[in-house]
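Reader: Let's start inside the protein. Pull it up and talk me through the empty spaces.

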Amino acid sequence: MASLAKELSAAAGAAFEAMGLEARLGEVRRSDKPELADFQCNGAMAAAKAAGRSPREIAGEIAAALKAHALVLSAEVAGPGFINLRVSDAALSARAEAVRRDAMAGGEKAAAPERITLDFGGPNVAKPMHVGHLRSAVIGDTLQRLFRFLGDEVVSDTHLGDWGLQMGHLITELQDEQPSLIYFDSGFTGPYPAESPVTMDDLARLYPQASNKAKANEARNERSQKAVAEMQAGRAGFRALLTHFINVSVASLKQDYAFLNVSFDLWKGESDVDDLIPEVIERYKAKGLAVESGGAWIVPLAREGEHIPVEKNGEITYKNAMPPILLINSRGGTGYHTTDLATILDRVEHMGPAPDRIVYVVDQRQAQHFVQVFRAAEKLDLMPEDRLEHIGFGTVNGTDGKPFKTREGGVLRLADLNSMALEEAFRKIDAAGKLPEDMSAEERADVAHKVAVAALRFSDLMNTRITNYVFDLDRFTSFEGKTGPYLLYAAVRVKSVLRKAAEAGHQPGAVAVSEDAERALVLQLDGFGAALLGAREKRMPHILCEHLYSLAQAFSAFYGALPIASEADAAKRASRLALADAVRYQLETGLDLLGITVPERM
RNA sequence: GACUCCGUAGCUCAGCUGGAUAGAGCGCUCGCCUUCUAAGCGAGUGGUCGCAGGUUCAAAUCCUGCCGGGGUCACCA
């Protein structure tokens with residue numbers, strides 16, 4: 001059975017069509033005014049002008065048609081032409097039962113599923129992930145779960161940054177510290193040691209050292225640039241180091257991701273498409289798309305009306321500029337424009353069936369970069385621009401509204417953020433003192449971890465993706481308000497009620513709603529499918545967050561208003577237990593899509 | 001300068017393919033645990049939807065201009 005909203009929309013749409021109007025006018029949604037109606041349809045007002053009739057008159061006819069529908073208890077015209085609908089208790093009862101038995105907990109598959117390559121995470125080798133990486137990881141992973149749930153075929157790839165200047169910094173800095181390492185002996189032909197000469201801590205130390213030196217000293221920077229170019233050109237010792245750097249880094253990255261329940265199908269990186277770069281460059285040159293400019297090779301991308309040169313004080317600047325992509329820099333090296341294009345080539349031509357779409361979950365500040373890459377990809381007929389999609393997101397700010405920093409002013413590492421959240425979860429759990437006495441240390445630690453992850457993931461996902469948000473750990477780990485821990489608590493409480501009932505021999509049975517709190521709960525359950533599809537269509541996980549939060553609230557209100565397991569009347573008790581079970585099922589299903597798991601007790 | 005995102009309650013934010021009295025959380029004020037987890041629930045408080053025009057029966061929502069803030073603008077990614 002489809003959702004009530006969908007059934008009613010179809011019925012209203014048919015009624016509009018019967019009047020010679022568009023079916024889409026029949027869209028029915030939850031009422032803004034629960035005291036007036038369960039659902040409403042506003043199409044009559046929109047239709048009035050085209051139909052040349054008064055909106056109330058049209059609404060009257062639609063309402064009359066809807067009254068005949070089996071689900072509808074009443075259909076009334078209000079105000080300028082709103083159609084207010086009430087559905088019957090029987091319809092709500094049947095819907096609740098359907099949700100409880102449904103394979104998707106009341107959700108529905110996407111109408112046009114796609115094969116999607118999802119590129120997110122994007123950590124850099126040797127640079128520990130920082131708080132900025134949280135968003136890509138959490139949003140990307142949630143989209144991955146959501147897309148799969150709705151029927152899309154997803155291949156996720158973390159796309160390591162392992163090909164750029166940072167590798168040159170690491171190589172040269174390591175050379176300064178340990179010049180005798182075999183990797184720097186250009187006469188050595190291998191094989192190189194299997195053991196890495198550096199640890200993750202070494203890398204985390206070497207990179208900022210080199211980066212700071214390079215910023216202050218142009219010659220030092222040149223050395224790094226040169227080293228990258230040599231590595232990219234295939235110098236064996238440098239490539240062996242690269243492999244060590246990647247392996248050491250990936251092991252560390254996996255720990256941070258695992259804490260957050262984030263996973264990837266592929267751990268490919270920029271360096272994996274090394275062998276495709278010459279081909280990409282050749283294709284651009286062969287098509288006459290690449291031009292030489294100042295010792296570099298670029299692909300101009302500006303379109304009509306863009307990129308108008310303006311000369312000022314002898315310097316040329318561009319009005320409305322869409323800069324070209326840099327295919328090869330003046331030192332012969334390639335940057336992330338070129339590796340991104342080679343990666344598209346790889347994904348489209350070398351990795352099994354070509355994806356229908358490639359989706360990148362990357363900081364909004366990269367928006368122009370992706371416009372450039374997408375245009376360039378289309379020019380080469382790799383993939384049409386409209387099948388390439390950048391899902392941008394805002395930055396994570398501190399409570400001062402500026403980009404999040406540690407107390408010392410440095411960038412906060414993701415690993416440290418994870419530990420802070422875990423500590424805070426332990427603190428809040430201790431302060432509440434609500435965990436059962438018999439809970440083992442392991443279970444307690446598991447609960448703390450789940451609370452920490454719920455806090456981090458939910459607080460990130462509940463914000464509109466595109467805007468910046470203020471990170472406030474204390475607020476996010478709170479059990480009060482619109483937080484992950486509140487949702488966890490609500491879900492655990494449903495489970496607890498169901499468990500206690502089962503222990504007492506009470507099972508869920510046929511649903512028969514009658515009370516307001518029961519009706520409100522089922523109406524909320526009914527909105528799951530629309531929330532999922534909306535979240536997928538807009539790539540906005542906060543739509544799902546809102547739904548789940550409202551569901552948890554509706555359950556809490558229901559729980560407060562009516563006895564469930566303790567209801568004396570057996571039929572009512574069985575019905576309410578079934579309702580509770582439907583809520584548990586949908587809540588757990590939805591939270592799982594957010595990467596949040598619910599403990600048995602807390 | 002160009003492009004882009006944002007400006008809604010004291011704070012943090014939803015709502016923006018136009019529709020009824022603009023919502024939520026926090027905060028603050030009340031009330032509710034001898035029954036299922038009170039980490040909860042109920043009630044109240046609080047808004048010139050940045051400003052000015054325009055389109056419309058109807059604008060937080062669409063259009064134009066302005067003001068304020070963030071971001072980006074070819075050799076780091």
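Author: Helix α11 (residues 336-349) gives the largest share of the lining of the largest cavity, three residues. This is a predicted model: local features need pLDDT of at least 70, side-chain atom pairs count only at pLDDT 80 or more, and totals for chains, interfaces and linings use all residues. Residues count from 1 along each chain as written, chains are lettered from A and ligands numbered from 1 in written order, and side-chain values use heavy atoms, without hydrogens or water.

Reader: Which residues line the largest cavity?

Author: D157, H159, K268, G269 and V273 are in the lining, together with T343, D346, R347 and M351. By class, four are charged, three polar and two nonpolar. Gly counts as polar here, and Asp, Glu, Lys and Arg as charged.

Reader: How much space lies in there?

Author: About 30 Å³. The structure holds one cavity of 30 Å³ or more. A cavity is a set of points on a 1 Å grid where a 1.4 Å probe fits but cannot get out; lining means an atom within 4 Å of a point.

Reader: OK, pockets. What volume has the second largest pocket?

Author: About 620 Å³. A pocket is open, with protein on both sides within 12 Å along at least five of seven lines. Its lining has 22 residues, and A5, G527, G529, A530 and A531 are the closest to the centre.

Reader: Which elements supply at least two residues each of that lining?

Author: From the N-terminal end come α1 (4-18) and β1 (28-30). Further along the chain, α17 (516-526), α18 (528-538) and α19 (541-561) do so too. Helices are DSSP runs of at least four residues, strands of at least two. The largest share is from α18, with six residues.

Reader: And what is that lining like by class?

Author: Eight residues are charged, eight are nonpolar and six are polar.

Reader: Switching to the RNA. How many residues surround strand B?

Author: 64 residues surround RNA strand B, each with a heavy atom within 4 Å of the strand. F82, K434, T464, F479 and K500 are the closest. On the RNA side, sugar and phosphate make up 65% of the strand B atoms that come within 4 Å of the protein.

Reader: Which side chain has an N or O atom 2.6 Å from a sugar or linking oxygen?

Author: E270. The side chain of Q368 also has an N or O atom 3.5 Å from a sugar or linking oxygen of strand B.

Reader: What lies 3.0 Å from a base nitrogen?

Author: A backbone N or O atom of I564. As for elements, those giving two or more residues to the surface near strand B are α2 (43-51), β4 (82-87), β8 (296-299), β15 (469-470), α16 (484-503) and α19.

Reader: How does that surface divide by class?

Author: Into 28 nonpolar, 22 polar and 14 charged residues.

Key:
Grid points are joined across faces, edges and corners, and a volume is the space filled by probe spheres set on the points. A polar contact is a pair of N or O atoms within 3.5 Å; within protein, one must be able to donate a hydrogen and the other to accept it, and residues adjacent in sequence count only if both atoms are side-chain atoms.
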